[in-house]
Amino acid sequence: MSTLDPAGSAARSIANLWWLMLTGAVSLFALVMILFAMVMIRPHWGAKVAPARWIVFGGLCLPAIVLTPLVAYALVTGERLLPGTGADPMRIEAQAAQWKWKFRYPGIDGGETEGVLHLPAGKPVDIVVTSVDVIHAFWIPRLGGKIDAVPGHRNVLRLQADVPGHYQGLCNEFCGIGHSRMRFDVIVHPAAEFSAALAKPDAAGKVPQ
Amino acid sequence: MKAKSQPETLTNSTMKVHKGQACHLWLLAVGFSVWACALAAAYVLHSVGCTFGWSTDTLRWSLALAILIHLALIGALWRTFARRFPTPPLSQTDSFMRWVIMGTLIAAFITIVFTLGPALFLTTCT
Amino acid sequence: MNTTIDDGTHGGSALKLHRQLAEIWATGPGLQRLAAINHSVIGVRFMVTAFVFFAIGGVLGMLTRVQLATPNATFMDAETYNQVFTMHGSIMLFLFAIPMLEGIAVYLTPKMLGTRDFAFPRLTAYGYWCYLFGGTILTTALVAGVAPDSGWFMYTPLSSNVYTPGINADVWLLGVTFVEISALTLAVEIIVSILTMRAPGMSLDRMPIFGWYMLVTALMMVVAFPPLILGSILLETERAFGLPFFDPSRGGDPLLWQHLFWLFGHPDVYIIFLPMAGLLSTMIPVFAGTPLIGYRAIIVAIIGLAFISFGIWVHHMFTVGIPHLALAFFSAGSAIVAVPTSVQLFAWLATLAHGRPIWNVPMLYIFGFFSTFAIGGLTGVMLAMVPFDWQAHDTYFVVAHFHYVIGGSVAFPILAALYYWLPLLTGRTAVYRLAIPAFWLIFVGFNMTFFLMHLAGLLGMPRRIYTYPAVENWTWLNLLSSLGGFIMTIGFALVVIDLIAQVRYGRRVRRDPWKAATLEWAMPIPPSPYAFASLPHIEVRADRIAVGDLAPSLARGEGYLGFVRNGWQETLGVHMTSGMPEQLIVLPRSTYLPLWTALATATAVLCMLFKLYLLSLGMVLVTAALFVLAGQSAGQTRDYGLLPVGRGLSLPPHTETTNPPAWWALAFTLVADGTLFTSLIFGLLYLWISAPNWPPVGRPDTSLAIALASVVVLVVAAISARGALRAVVGSRAPGAWIALSAAALVAAIAGLVVLIGNVIPRPTEHALGATAAAVLGFVVLHAAIGLLFLLSNILRLTFGLVSARRHIDFRLTRLWSDYTAITGALAIGLVLALPALVDLLGMRS
């Protein structure tokens with residue numbers, strides 16, 4: 001379930017952003033605490049710097065040089081994660097209800113699965129997330145960010161899994177007493193075998209037609 | 001910070017003098033009100049544009065125009081206040097008000113650029 | 001000596017003056033305590049009650065930690081756990097944090113600003129009782145097992161009557177709104193008091209920095225609470241009467257609730273934080289032994305902070321499906337909001353650097369604040385980055401972040417402030433024996449509990465799950481978190497014991513033990529109910545006052561108002577900016593009226609809760625009547641002209657000025673009301689542009705004739721109110737004007753009720769009809785309140801409270817009528833425009 005152990009391109013670029021921000025945050029925290037210790041322990045040390053300089057350098061310049069590149073980097077990262085770009089990817093419908101997930105695969109002979117999401121490896125997929133009752137959220141931590149399932153709205157999330165394997169997904173928006181157990185399994189198949197695996201009548205989670 | 005030895009004698013006339021100066025407290029909020037207005041305008045333009053299917057260019061240029069109008073407004077306010085509060089002679093209260101009003105105007109200008117500027121470069125409706 | 005006092009002509013011996021003033025200002029013993037309205041008494045009650053709720057909320061927090069300490073725990077079931085975590089959040093935010101800061105403001109602000117009480121002491125008391133009753137309703141529901149269980153932000157449709165059919169959600173909506181309205185009344189009072197009631201000579205640039213923080217905070221409250229109050233009203237009417245504001249199947253949108261909630265919810269974080277920063281900005285210079293550095297920069301920073309905090313509410317909604325470009329506004333805003341906070345942080349560091357800081361117990365807690373606040377601020381910037389939020393949103397990372405920001409950054413400054421100001425409250429200095437181990441227990445426990453939650457979140461643990469399977473690697477993190485929670489709780493228990501020890505056994509002091517330089521110490525401690533025996537004249541920045549020289553001369557009555565007259569509770573009103581004295585304010589004496597009014601309001605809320613709507617309406621009318629009655633006892637039956645106030649100055653009483661505090665109070669109330677109105681209009685337009693199932697089946701159709709006639713009569717009512725005022729000022733009888741105004745308002749109400757009755761589509765069928773009815777209902781309500789204003793005018797005339805100079809009641813009526821006419825015209829115009837808006841939808845892509 002760890003976001004720090006990414007298995008998809010979206011999760012990886014966000015993990016990179018995290019490690020970058022962690023490095024920055026640790027240095028800034030250290031800076032503030034060292035300054036605090038210094039002004040407490042050596043009163044003369046900080047008095048050499050004029051009051052206005054403290055505020056201009058610390059309060060204005062420091063955040064400016066940290067925040068401007070960070071915001072730019074994060075916005076570029078966000079742009080790259082948006083759905084709807086590139087070649088027309090496969091669409092899978094994820095429908096949330098209290099307290100289960102249903103998945104449909106339009107255009108593939110697989111019909112519908114419940115509690116299990118099948119994905120092809122190495123291919124971008126747009127997940128169309130909807131809800132039939134309250135607000136839920138669709139999240140597979142190792143593959144990428146989350147998106148809310150809001151009744152009356154259709155939200156789209158772009159995901160791409162690197163390699164075949166088993167992952168976990170869950171509902172990440174509080175949705176009543178069944179919230180804690182509203183999880184689903186994710187099975188990533190090799191791209192070539194995806195349609196066939198899904199078409200099998202005994203595919204995991206398959207809802208009989 | 002002079003400590004007076006005699007208390008100021010207060011008559012109705014001195015009170016009137018004080019009333020005439022720097023009594024417009026709301027000016028402290030003007031700078032960031034312009035920012036709030038700019039944000040609301042940009043957010044509304046974006047929603048309306050995406051809902052009614054404006055072309056990317058139309059949406060982009062209208063956002064740019066909204067931002068520019070508000071920046072220009074702050075510039076105009078700057079000039080007005082610079083004239084209104086003449087550099088000396090100023091009472092302590094006037095110089096304080098001038099400093100804070102100008103400070104909020106500069107801060108609001110930067111905030112508009114920083115918060116709304118990125119909108120000119122991003123994908124519009126996804 | 002930097003503050004001058006002349007030889008007061010009225011000055012007697014300090015003790016004699018104390019006895020005379022105490023007799024007028026004191027609250028009676030026994031049951032008469034229920035009639036207390038004095039700010040010192042009510043302030044302490046607020047703080048003590050908030051601490052009790054903090055303890056309750058803390059116990060609930062501990063229960064969640066017990067449940068989560070081990071995987072697959074069966075300590076609580078999901079249903080109980082949902083109530084417990086919902087109430088933990090709701091209590092901590094609505095019943096602890098906000099009331100705590102209000103209590104601090106009520107207790108400290110008048111003393112720091114050099115005045116004897118707040119502008120509306122009865123309103124303070126009413127606010128307190130509302131808070132107490134609202135909080136009691138919520139905790140009673142918890143004990144009865146029907147507490148709210150949809151999370152503290154009550155996302156609908158989960159909180160709608162379909163998915164939460166019981167009383168649980170109603171308890172939240174009504175109880176919290178009740179408390180919010182009390183907070184709103186206090187906010188208006190804080191603003192008006194800070195602006196008009198300071199020590200003479202205290203111009204804005206001389207105001208202690210805490211005054212600025214409270215002024216900005218209270219202004220934020222006035223604008224932040226109305227969206228939530230509106231949202232709660234809409235959701236409650238949806239639950240009770242089926243109006244589909246948030247129901248997507250009938251043209252509503254659950255996301256509207258989120259917008260309204262976070263329009264309140266995000267500024268609320270800063271509303272809680274700013275007073276804490278104000279306390280720090282007051283304490284740090286004292287411990288550094290030097291005046292605060294960057295006074296003006298801090299003021300610019302907090303003005304910026306106040307505004308920006310409103311413009312970043314959407315960062316709570318990064319995952320709801322809003323386009324990336326729009327998210328960018330709020331992401332960049334959430335990043336730049338770090339700048340004003342770092343300005344403050346570095347101003348404090350600079351103050352410490354330029355002084356000779358000393359270590360003591362409050363300073364230790366300030367150190368605790370610096371570390372937790374730095375961490376909370378840094379994770380805040382991380383969460384402001386949209387892609388990272390897509391991963392971290394609604395995980396334990398967020399739980400960790402906001403506990404650092406509104407847990408640590410509130411708890412540590414409050415504890416610092418407690419140790420700093422307790423000598424003022426009790427007249428005793430600290431024992432300190434337990435304070436230091438208590439600090440380390442809290443500090444270590446706090447970080448152990450919440451720091452590990454960052455990691456749990458990154459490892460994929462979502463918030464609000466009542467248990468988790470053993471296979472995850474979350475187990476050890478949760479166990480350690482829970483352990484840390486217990487360590488922290490032991491720390492808080494030690495603090496309580498330490499405080500009780502101080503109150504009972506602390507060493508007595510008579511005067512300022514810290515060598516502070518702000519006015520609250522310029523009085524014998526603990527303070528008398530009148531606070532200052534006479535009021536100082538301020539000629540330096542009011543955080544640089546030689547308290548030791550000033551206090552004895554004030555006690556001898558050598559400042560303003562160092563005498564008693566007519567048994568009046570007197571204080572001075574000043575010009576907003578320059579601080580020059582303008583009026584003599586006579587405050588009301590103790591009364592049970594606030595208690596009765598709050599009881600009537602509480603009964604109205606309870607009747608709503610149990611669906612006794614007619615009875616509820618009756619109690620609302622009783623409440624309104626009590627308010628009108630309260631207004632009657634606040635006047636004078638004769639003109640006094642100029643009255644001497646000491647130091648050779650004479651001023652008119654507030655009843656004979658054009659802009660007494662009441663006028664400003666109504667003006668700021670209308671700011672809040674206007675925000676609510678704007679939120680309602682926003683709601684309608686928001687649904688129009690983004691809710692599903694629009695346009696509705698029936699095309700809206702409003703009778704143009706009735707609509708225009710309603711606007712015309714509203715304008716007539718406003719003009720008549722002006723006529724009545726002019727008549728009073730010209731010493732003529734205003735009766736005919738009042739009658740005309742009343743008739744016009746009744747006609748407007750009738751017209752609007754007809755319009756509401758004919759709204760198409762029906763309000764229960766589609767959100768368009770529901771919002772149109774709500775907009776028109778808003779105007780009806782205001783016209784009805786206008787009738788109450790007219791009633792008050794008539795009563796005042798009857799009791800002889802009105803003269804050519806004493807015409808404030810008519811000025812208030814004029815202001816209200818103008819406002820009603822303007823909002824009425826806007827509302828009716830919007831309803832008339834609805835068909836065109838619906839047609840526009842046909843052009844959607």
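How many salt bridges does the rule find across the interface of chain A and chain B? Zero. The close-ups below come from a predicted model, and that interface is where they start.

**View 1. Chain A meets chain B through a handful of residues: seven from chain A and five from chain B.** Put together, the two chains bury about 520 Å² between them, and 75% of that is on carbon and sulfur atoms. On the chain A side, look for L75(A), E79(A) and L82(A), which lose the most area to chain B. Together these three make up 65% of what chain A buries here.

**View 2. Chain A and chain C share an interface of about 6,100 Å² of buried area.** Here 70 residues of chain A are in contact with 81 residues of chain C. Carbon and sulfur atoms carry 74% of the buried area. If you're picking side chains to show on chain A, try F36(A), M40(A) and F174(A): they supply 12% of the area that chain A buries against chain C, more than any other three residues.

**View 3. E472(C) and R183(A) join their side chains in a salt bridge.** The N to O distance is 2.9 Å. How many salt bridges does the rule find across the interface of chain A and chain C? Just one.

**View 4. Helix α1 of chain A packs on helix α11 of chain C, with the axes 10 Å apart.** α1(A) covers residues 9-41 and α11(C) covers residues 361-384. The angle between them is about 160°, so α1(A) runs roughly antiparallel to α11(C). Their crossing is right-handed. From α1(A), the residues making the contact include W18(A), L22(A), F29(A), F36(A) and M40(A); from α11(C), they include F367(C), F370(C), I375(C) and M382(C). Sorted by class, this contact has 17 nonpolar residues, one polar and no charged ones. Two of the α1(A) residues, F36(A) and M40(A), also turned up in View 2 among the three that supply 12% of chain A's buried area against chain C.

**View 5. Within chain C, helices α22 and α23 pack against each other at an angle of about 165°.** α22(C) is residues 767-798, α23(C) is residues 808-840, and their axes lie 9 Å apart. Angles over 145 degrees count as roughly antiparallel, which is why α22(C) and α23(C) get that label. α22(C) passes α23(C) in a left-handed crossing. By class, the contact has 20 nonpolar, eight polar and two charged residues.

How values were computed
Residues are numbered from 1 along each chain as its sequence is written. Chains are lettered from A and ligands numbered from 1 in the order in which they are written. This is a predicted model: local features need pLDDT of at least 70, side-chain atom pairs count only at pLDDT 80 or more; totals for chains, interfaces and linings use all residues. Side-chain values use heavy atoms; hydrogens and water are left out. Axes are lines fitted to C-alpha atoms, for helices over the stretch in contact, and angles run from 0 to 180 degrees between N-to-C directions. Helices (H or I, at least four residues) and strands (E, at least two) are DSSP runs, numbered from the N terminus. Angles under 35 degrees count as roughly parallel, over 145 as roughly antiparallel, 65 to 115 as roughly perpendicular and the rest as oblique. A crossing is left-handed if the near helix is turned anticlockwise from the far one by less than a right angle, and right-handed if clockwise. Ala, Val, Leu, Ile, Met, Phe, Trp, Tyr, Cys and Pro count as nonpolar, Asp, Glu, Lys and Arg as charged, and the others, Gly among them, as polar. Contact means heavy atoms within 4.5 Å. Buried area is the accessible area (1.4 Å probe) that two parts lose on being put together, summed over both. A salt bridge is a side-chain nitrogen of Lys or Arg within 4 Å of a carboxyl oxygen of Asp or Glu.
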